[in-house]
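The exercises below are meant to be worked with the sequence and the model side by side. Try each task before reading the solution that follows it.

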Amino acid sequence: MTNSTNRIDPQLDLDKVKKECEELVKKQAKISAGVAVIPITFLDVVIDTALLSKLLPEISVKFGLEAPNHQIDDSQFERYKDRAFEFFGLMATRGIVKKTIQGFGGRIVAKQVTKYIPFGGQIVSATMGYMIFRKIAFDHIEECYQTAKKRQQEQQSNQ
């Protein structure tokens, strides 16, 4: 997350950028949740990966930490790779929880309710997809915000 000059626009309103990024993430997370209800194996993982691979660098650019169309350096690659591993771990957890809830519901819930379990599993999957996507992206926003804020403060103290 470093641009070539390591400088942040001193006029950049970081709180405003943070809110804009959070709104962008919420919109993308809704897409993630919508895809999670489609019963095609790994479709949600593919879509989420594509969305995050575009979204995370875009957030870094908005905070002035990367130039648009900037090549990813080794440290950025490592951070994005760590986020990807976090993402895949959470996606696996989502699948396990979905199956557990479906199994639990199928054994215990009354006959009238069990007919809704597949839909209930989709709701759980969509909710978890939204929350996982949001957490990963919000963590990135917070990291960018803190880095940009620190650089702005350093620049102001050096003037």
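**Exercise 1. The start of a helix**

Which residue caps the N-terminal end of α1?

Solution. Bear in mind throughout that this is a predicted model. Begin with the helix itself: α1 covers residues 14-36, and its 23 residues reach 32 Å from the first C-alpha to the last, close to the 33 Å expected. The cap is Asp13, since a side-chain oxygen of this residue lies 3.2 Å from the backbone nitrogen of Asp15. Next, look at what α1 turns away from solvent: its buried residues include Leu14, Val17, Lys18, Cys21 and Val25.

**Exercise 2. Two cysteines**

Decide how many disulfides a search of the whole structure finds, and explain the result for Cys21.

Solution. The search finds zero disulfides. To see why, take the sulfur of Cys21, whose closest cysteine sulfur, in Cys144, is 7.5 Å away and therefore too far for a bond; the cut-off for a disulfide is 2.5 Å. Then consider exposure: Cys21 counts as buried because its relative accessibility is 0%, and Cys144 likewise counts as buried at 0%. As a last step, locate Leu56, which has its place in helix α2 (residues 43-62) and is buried, with a relative accessible area of 4%. Leu56 and Cys144 are 88 residues apart in sequence, yet their C-alpha atoms are 9.8 Å apart in space.

**Exercise 3. The nonpolar core**

Identify the residues with the most contacts inside the largest nonpolar core, and determine which helix gives the largest share of it.

Solution. The largest nonpolar core has 24 residues, and those with the most contacts inside it are Val25, Ile59, Phe63 and Ile141. Each of α1, α2 and α5 supplies at least two residues of this core, and the largest share, eleven residues, comes from α5. Now follow one of these residues outward: leaving aside residues up to four places away in sequence, Ile141 touches Lys18, Cys21, Glu22, Val25, Ile59 and Phe63.

**Exercise 4. Salt bridges**

Work through the three salt bridges found in the whole structure, and state for each where its partners lie.

Solution. Start with Glu142 and Lys18, which form a salt bridge whose closest N and O atoms are 2.8 Å apart. Because Glu142 lies in helix α5 and Lys18 in helix α1, this pair ties together parts that are 124 residues apart in sequence. Glu142 counts as partly exposed at 30% relative accessibility, whereas Lys18, at 19%, counts as buried, the cut-off for buried being under 20%.

The second pair is Glu23 and Lys26, with closest N and O atoms 3.5 Å apart; these residues are three apart in helix α1, so about one helical turn separates them. Glu23 is partly exposed, with a relative accessible area of 43%, and Lys26 is partly exposed at 26%.

The third pair joins Lys135 to Asp139, the closest N and O atoms being 2.7 Å apart, and because these residues are four apart in helix α5, they too are separated by about one helical turn. The spacing follows a general rule: an α-helix has 3.6 residues a turn, so residues three or four places apart point the same way.

**Exercise 5. The end of α5**

Is Ser157 buried or exposed, and which backbone oxygen lies 2.9 Å from its side chain?

Solution. Ser157 is found in helix α5 (residues 117-157), and at 58% relative accessibility Ser157 counts as exposed. A polar atom of the Ser157 side chain lies 2.9 Å from the backbone oxygen of Glu154.

Conventions:
Residues are numbered from 1 along each chain as its sequence is written. This is a predicted model: local features need pLDDT of at least 70, side-chain atom pairs count only at pLDDT 80 or more; totals for chains, interfaces and linings use all residues. Side-chain values use heavy atoms; hydrogens and water are left out. The expected span of a helix is 1.5 Å times one less than its number of residues. Buried means under 20% relative accessible area, exposed over 50%, partly exposed in between (1.4 Å probe, protein chains only). A polar contact is a pair of N or O atoms within 3.5 Å; within protein, one must be able to donate a hydrogen and the other to accept it, and residues adjacent in sequence count only if both atoms are side-chain atoms. A nonpolar core is a set of buried Ala, Val, Leu, Ile, Met, Phe, Trp, Tyr and Cys residues joined through side-chain atoms within 4.5 Å. Contact means heavy atoms within 4.5 Å. A salt bridge is a side-chain nitrogen of Lys or Arg within 4 Å of a carboxyl oxygen of Asp or Glu.
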